[in-house]
Number of protein chains: 2
Amino acid sequence: MRSFIVLGHRAALTPDFSLNDLPGSAGRLDILCRCVTAAFCLSHGIRRDVTVYLVLQNQLVIRLEGARLKHLNPDERSTGALLQKALKAHQEHPESEIESTPGIFISRGTLSDVLARVRERVYVLHEAGRPINGIVFPQDVAFVLSDHLDFQPDEEALFKDDARLSLGPLSLHADHCVAIVHNHLDRAQFANRTLLV
Amino acid sequence: MRSFIVLGHRAALTPDFSLNDLPGSAGRLDILCRCVTAAFCLSHGIRRDVTVYLVLQNQLVIRLEGARLKHLNPDERSTGALLQKALKAHQEHPESEIESTPGIFISRGTLSDVLARVRERVYVLHEAGRPINGIVFPQDVAFVLSDHLDFQPDEEALFKDDARLSLGPLSLHADHCVAIVHNHLDRAQFANRTLLV
């Protein structure tokens, strides 16, 4: 299982935004949409062994489970529409977690709640981290990423220093980081399988 | 210099499509938009040493030059709007190349024309290629990628067999391939610089 926890520091908490303006009125929801695509979408299929947690303003959590996910297309707008549906479902049923469309769950929650929930070893993708190359990852692993804003001090405080990993010398968009991490793990797992044969 | 040549087999040749429907009426222009973002957009800046060639139905070429590029944002819709502007400019001035917005040029052209133009060593990102790891790339390098459709036989015929490189064991979206290639080259160049210091 691979999990990606993406922090949307300004992301909309209500569905009253235009799908024509995901970067603006939706609070850079475009970034989160692209992270969802990078986490799940293969050229001709969905990665079923992936879970994505979108943490919106440290108040709401949208969880996407690859094993149950339906209706996901790779473009930003249709993913934005799925997230908008989730926000609408939460507005109508704010008291408990609700599955707004197959595989997409929304509830109140914080980054701490998500970290308490995930069973995988947690790493943080951070420019100041150790290089990812050479690290041997367990089968089950979770990565925390921030949107266009830096991690806040209260977020940093939740992680151990050695959890921070860097993907390279440049500061990249979160969705590109997800694609690079997947590739890193895909190649490592393939090499391991080949060695075992 | 790094160049990315992306084949849009069904991409719109005229601007009469809706920005609300980049995957549909625009012929999977969403893929090309995401490739543009992956090629140019860093977390807080533009890669100026990159050129992207979008080859639309092997009839039109939209060339984006990082050194001159303006008005590029990372979201799909605003990139789609820039490409739509280019198609409109071509419709009004079909006889010669035109710069529709700073750094974006459009003209009639084919994949062959682009390959004749680029001076970089050309590689093709292809599931059946050699693994990219271990390959030492020159400073100037170009990569050809296909959209959601496979390379066609007449396209394949333009490349040498040893030009084909694979990024890993799974078939990935073109924009994710661009992000992975950039990261591969970034790390290699950084390692070289560090060795030279």
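Let me start with B:H182: setting aside neighbours within four places in sequence, this histidine is in contact with B:R2, B:F4, B:A38, B:A39, B:R47 and B:V50. Please keep in mind as I go that we are looking at a predicted model.

Where does B:H182 lie? Its home is helix α5 of chain B, which covers residues 174–196. The relative accessible area of B:H182 is 2%, so this residue is buried, the cut-off being under 20%. One of the residues it touches, B:R2, also shares a polar contact with B:H182, side chain to side chain, at 2.8 Å.

Staying in chain B for a moment, have a look at B:R28. This arginine is in the loop between β1 (2–8) and α1 (29–40). Buried or exposed? B:R28 counts as buried, with a relative accessible area of 18%. Its backbone deserves a glance too: B:R28 has a positive phi of about 60°, and it is not a glycine. For background, most residues other than glycine have a negative phi.

Now over to chain A, and the overall picture. Chain A contains five helices and 10 strands. Its radius of gyration is 16 Å, close to the 16 Å that the globule rule gives for 197 residues, so chain A is as compact as a globular protein of that length. Along the principal axes, the C-alpha trace spans about 50 × 40 × 30 Å.

How much of chain A is buried? Of its 197 residues, 57% count as buried. If you take the contacts in chain A with a separation of 6 or more, residues 24 or more positions apart account for 68% of them. On the outside, chain A exposes about 8,600 Å², with carbon and sulfur atoms supplying 51% of that area. As for charge, there are 21 positive and 24 negative side chains, and the centres of the two sets lie 6 Å apart.

Let's walk through some residues, beginning with helix α5 of chain A. A:Q189 lies in this helix, residues 174–196. Which residues does A:Q189 touch? Not counting residues up to four places away in sequence, they are A:R2 and A:Q139. With A:R2 there is also a polar contact between the side chains, at 3.2 Å.

A:A188 lies in helix α5 as well. At 37% relative accessibility, A:A188 counts as partly exposed. The C-alpha atoms of A:A188 and A:F137 are separated by 8.7 Å, while the two residues are 51 apart along the chain.

On to helix α1 of chain A, where you will find A:C35. For those of you who think about cysteines, A:C35 is at 2% relative accessibility, and since buried means under 20%, it counts as buried. Leaving aside neighbours within four places in sequence, A:C35 is in contact with A:V6, A:A174, A:D175 and A:V178. A:L54 is 19 residues from A:C35 along the chain, and their C-alpha atoms are separated by 9.3 Å.

Next, a pair of loop residues that meet. A:L13 is placed in the loop between β1 (2–8) and α1 (29–40) of chain A, and A:Q57 is found in the loop between β4 (50–56) and β5 (60–65). Beyond its neighbours within four places in sequence, A:L13 is in contact with A:L56, A:Q57, A:Q59, A:L60 and A:L87. Both are partly exposed: A:L13 has a relative accessible area of 23%, and A:Q57 has 31% relative accessibility. A:Q57 also has a positive phi, about 50°, although it is not a glycine. In the other direction, A:L13 and A:H148 are 135 residues apart in sequence and 17 Å apart in space, C-alpha to C-alpha.

My last stop is A:D150, in the loop between β9 (141–146) and α4 (153–156) of chain A. Why does A:D150 count as exposed? Its relative accessibility is 55%, and exposed means over 50%. Not counting residues up to four places away in sequence, A:D150 touches A:H9 and A:E155. A:H71, by contrast, is 79 residues from A:D150 in sequence and 31 Å from it in space, C-alpha to C-alpha.

That's my tour, thanks for listening!

Technical notes: Residues numbered from 1 in each chain as written. Chains lettered and ligands numbered in written order. Predicted model: local features only at pLDDT ≥ 70, side-chain atom pairs only at ≥ 80, totals over all residues. Heavy atoms only, no water. Helix = DSSP H or I, 4+ residues; strand = E, 2+ residues; numbered from the N terminus. Rg over C-alpha atoms; globule rule 2.2 N^0.38 Å. Buried < 20%, exposed > 50% of the residue type's maximum accessible area, 1.4 Å probe, protein only. Contact = heavy atoms within 4.5 Å. Areas by Shrake-Rupley, 256 points an atom, 1.4 Å probe, with all protein chains shown as cover. Lys, Arg positive; Asp, Glu negative; His and termini not counted. Charge placed at Lys NZ, Arg CZ, Asp CG, Glu CD. Polar contact = N/O pair within 3.5 Å; in protein donor to acceptor, adjacent residues only side chain to side chain.
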